[in-house]
Amino acid sequence: MDRVTSTQNAPLAFLKGHGTENDFVIVPDPDNAVALSPADVARLCDRRAGIGGDGVLHVVRSAAHPEAKDLADEAEWFMDYRNADGSVAEMCGNGVRVFARYLEHAGHVTAGEVAVATRGGVKRVHLDKDGSVTVAMGRAVLPEESVTVTVDGRSWSARNVNMGNPHAVAFVDSLDHAGDLHTEPPYAPASVYPDGVNIEFVADRGPRHVAMRVHERGAAETRSCGTGACAVAVATARRDGADPAASGTPVTYTVDVLGGTLVITEHPNGEIDMTGPAVIVAEGTIDPSWLAGPSS
Ligand SMILES: N[C@@H](CCC[C@H](N)C(=O)O)C(=O)O
């Protein structure tokens with residue numbers, strides 16, 4: 001099948017969903033027939049002139065996408081994730097829960113296990129009957145070096161954590177110290193993060209319980225970040241002297257985000273499970289003349 005730009009098409013189906021208020025425009029496109037340009041993505045995610053979202057979940061069969069066709073035997077569906085600014089990301093933890101919820105909503109899978117291909121590898125997702133969704137997120141990589149995060153003239157030493165995508169985790173006394181992240185974006189060194197970075201600010205709430213704010217690469221401050229919550233849980237565990245690989249005991253942290261709560265468990269083999277909600281809130285069609293039209 002020839003691929004066409006979204007702007008040449010008949011009305012384009014979309015849904016809107018969120019996980020702990022990290023919200024997404026979902027574009028079902030099983031045959032990968034729609035070439036969503038970065039400008040199209042930014043337009044869809046525009047909260048005033050578009051639908052609004054922190055990113056786009058482009059839903060494509062793995063066999064139909066050049067970046068995922070080698071994973072088609074393991075995972076029928078590929079999450080082609082785009083940030084709100086149109087950039088591509090390796091993984092989105094909240095997004096993959098919402099992606100699985102969409103597959104269930106569309107009748108492509110039933111409650112239970114579903115494998116989803118991402119640029120960060122295949123993720124196994126469990127859709128629970130109670131409405132929660134658990135994702136096997138894989139292992140965190142924690143390079144030894146610490147990095148410095150700066151925002152509005154204040155600096156903190158931060159932990160570099162890779163969850164398939166890059167994170168810098170800074171511990172702060174109060175989440176307010178991160179300031180207004182929309183007007184004063186935080187900075188972490190490009191020498192460590194040449195492709196940009198997601199930056200988390202973390203404050204303690206109690207035993208194995210923290211709260212975080214996040215400034216996402218490609219989306220500014222969002223109300224939640226699943227990969228970020230995993231990075232935060234692992235960085236906090238190491239700070240607290242908890243290492244499941246050494247103790248042989250799983251470690252669980254509750255991570256409060258602005259849009260809800262995520263529960264993160266790191267197992268002795270390093271594998272990380274993340275549990276949280278995933279909700280479909282609306283569906284409709286996009287007017288192709290709007291998508292093709294002038295930007296204002
Ligand atoms: N919100 C996501 C992360 C989305 C990608 C991120 N902005 C990046 O560029 O790495 C999550 O829930 O993990």
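The ligand in this predicted model is surrounded by 19 residues, and the closest are Ala-89, Asn-94, Asn-165, Gly-226 and Thr-227. In terms of class, that shell consists of 13 polar, four nonpolar and two charged residues. Both domains take part: domain 1, comprising 4-131 + 279-292, and domain 2, comprising 146-276, each contribute at least three residues to the shell. Among the secondary-structure elements, helix H2 (93-105) and helix H3 (226-239) each provide at least two shell residues.

I turn now to the annotated positions. The UniProt record, an unreviewed entry, carries the annotation "active site" for Cys-92 and Cys-225. These two positions are spread over 134 residues of sequence, yet they cluster in space, with a largest C-alpha distance of 7.6 Å.

Let us take Cys-92 to begin with. Cys-92 sits in the loop between strand E6 (77-83) and helix H2. Is Cys-92 buried or exposed? Cys-92 is buried, because 30 other C-beta atoms lie within 10 Å, where 20 or more suffice. Apart from neighbours within four places in sequence, Cys-92 is in contact with Gly-55, Tyr-81, Gly-226 and Thr-227. Of these contacts, Gly-226 and Thr-227 have already been named among the residues closest to the ligand.

Cys-225, in turn, occupies the loop between strand E15 (220-222) and helix H3. Cys-225 also counts as buried, because it has 36 C-beta neighbours inside 10 Å. With neighbours within four places in sequence again set aside, the contacts of Cys-225 are Asn-22, Asn-94, Asn-198, Val-214 and Glu-216. Here Asn-94 is the residue to recall, as one of those closest to the ligand.

Technical notes. Residues are numbered from 1 along each chain as its sequence is written. This is a predicted model: local features need pLDDT of at least 70, side-chain atom pairs count only at pLDDT 80 or more; totals for chains, interfaces and linings use all residues. A residue is near a molecule or strand if its C-beta atom, placed from the backbone, lies within 6 Å of it. Helices (H or I, at least four residues) and strands (E, at least two) are DSSP runs, numbered from the N terminus. Ala, Val, Leu, Ile, Met, Phe, Trp, Tyr, Cys and Pro count as nonpolar, Asp, Glu, Lys and Arg as charged, and the others, Gly among them, as polar. Domain bounds come from an automatic or database domain assignment. UniProt positions are given in the numbering used here, feature names are shortened, and annotations may be inferred rather than shown by experiment. A residue is buried if 20 or more other C-beta atoms lie within 10 Å of its own, exposed if 12 or fewer, and partly exposed in between; C-beta atoms are placed from the backbone. Two residues are in contact if their C-beta atoms, placed from the backbone, lie within 7 Å.
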